[in-house]
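Please look over the sequence and the structure below before reading the report. The text is meant to be read alongside them.

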Amino acid sequence: YLEQYNLGSKYFTSGRYVEAIKLLEMLDFSQLSINQKTHLIKLHTEALMCLGYYSRIVNILTENKTYDLNDELLFLLGMSSTELGKKEIALNAFNEIIANYPNSEYQNISKLQVRVLKR
């Protein structure tokens, strides 16, 4: 896990998103702890976001619940859902950040997104 994660992270950092995604999708998640899964999902979805694969992000973050969605993942879910016009999913994600992560760096932008989406 650690070797592939580090390599995936290096690919991501150097802007090689396609390679990072391919590597991360080959990992066997059943062998990982919840924290490890969350780290990998974050890296995977950020790489997908950089390439504009919003529907894949929404699918990953809504279909597989073997890890916890933290404020960063909820923000990625909210922004991806907004891009796809999935208003309800976006509102739920941003409202969860507002309700459960009062000290999050995503707090203010989540509030703004909620106001925009409710128009």
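What follows describes the overall fold, then the buried interior, and then some single residues.

**Overall fold**

The model is a predicted one, and its protein chain contains seven helices and zero strands, so that the order of elements along the sequence reads α-α-α-α-α-α-α. The radius of gyration of the protein chain is 14 Å, close to the 14 Å that the globule rule gives for 119 residues, and the chain is therefore as compact as a globular protein of that length. The C-alpha trace spans about 45 × 25 × 25 Å along its principal axes. Of the 119 residues in the protein chain, 39% count as buried. Among the contacts with a separation of 6 or more, 48% are accounted for by residues 24 or more positions apart.

**The nonpolar core**

The largest nonpolar core has 33 residues, and the members that touch the most other members are Leu 61, Tyr 67, Leu 69 and Leu 73. Two or more residues are given to this core by each of α1 (2-13), α2 (17-25), α3, α4, α5, α6 and α7 (107-117). For Leu 73, the residues touched, when those up to four places away in sequence are not counted, are Thr 38, Ile 41, Lys 42, Thr 45, Leu 61, Tyr 67 and Asp 68. Leu 61 and Tyr 67, which are among the members with the most partners in the core, are thus also among the residues that Leu 73 touches.

**Helix α4 and what covers it**

Helix α4 comprises residues 54-63, and within this helix Ile 57, Val 58, Ile 60 and Leu 61 are buried. These residues cover an arc of only 165° around the axis, which means that they lie on the same side of α4. An α-helix has 3.6 residues a turn, so residues three or four places apart point the same way. The cover over the buried residues of α4 includes α3 (34-51), α5 (71-84) and α6 (87-100).

Two residues from the covering helices α3 and α5 illustrate this arrangement at the level of single contacts. Thr 45 belongs to helix α3, and its contacts, leaving aside neighbours within four places in sequence, are with Ile 57, Ile 60, Leu 61, Leu 73 and Leu 76. Ser 80 belongs to helix α5, and with its neighbours within four places in sequence likewise left aside, Ser 80 is in contact with Met 49, Tyr 54, Ile 57 and Val 58.

**Accessibility of three residues**

The table sets out three residues with their helix and their relative accessibility.

| Residue | Helix | Relative accessibility | Class |
|---|---|---|---|
| Thr 45 | α3 | 0% | buried |
| Ser 80 | α5 | 0% | buried |
| Asn 95 | α6 | 32% | partly exposed |

Thr 45 counts as buried because its relative accessibility is 0%, under the 20% that sets the limit for buried residues. Asn 95, at 32%, counts as partly exposed. In sequence Asn 95 and Leu 24 are 71 residues apart, and in space they are 29 Å apart, taken from C-alpha to C-alpha.

**Aromatic rings**

How many aromatic pairs does the count come to? The count comes to three aromatic pairs, and ring pairs link Phe 75, Phe 94 and Tyr 106 into a cluster. Another ring, that of Tyr 53, has the charged end of Arg 56 sitting over it, 5.6 Å from the ring centre.

Methods: Residues are numbered from 1 along each chain as its sequence is written. This is a predicted model: local features need pLDDT of at least 70, side-chain atom pairs count only at pLDDT 80 or more; totals for chains, interfaces and linings use all residues. Side-chain values use heavy atoms; hydrogens and water are left out. Rings of Phe, Tyr and Trp (its six-membered ring) pair if their centres lie within 6.5 Å; planes under 30 degrees apart count as stacked, over 60 as edge-to-face and the rest as tilted. A charge sits over a ring if NZ of Lys or CZ of Arg is within 6 Å of the ring centre and within 35 degrees of the ring normal. Buried means under 20% relative accessible area, exposed over 50%, partly exposed in between (1.4 Å probe, protein chains only). Helices (H or I, at least four residues) and strands (E, at least two) are DSSP runs, numbered from the N terminus. The arc is that of the directions from the helix axis to the C-beta atoms. Contact means heavy atoms within 4.5 Å. A nonpolar core is a set of buried Ala, Val, Leu, Ile, Met, Phe, Trp, Tyr and Cys residues joined through side-chain atoms within 4.5 Å. The radius of gyration is taken over C-alpha atoms; the globule rule is 2.2 Å times the number of residues to the power 0.38.
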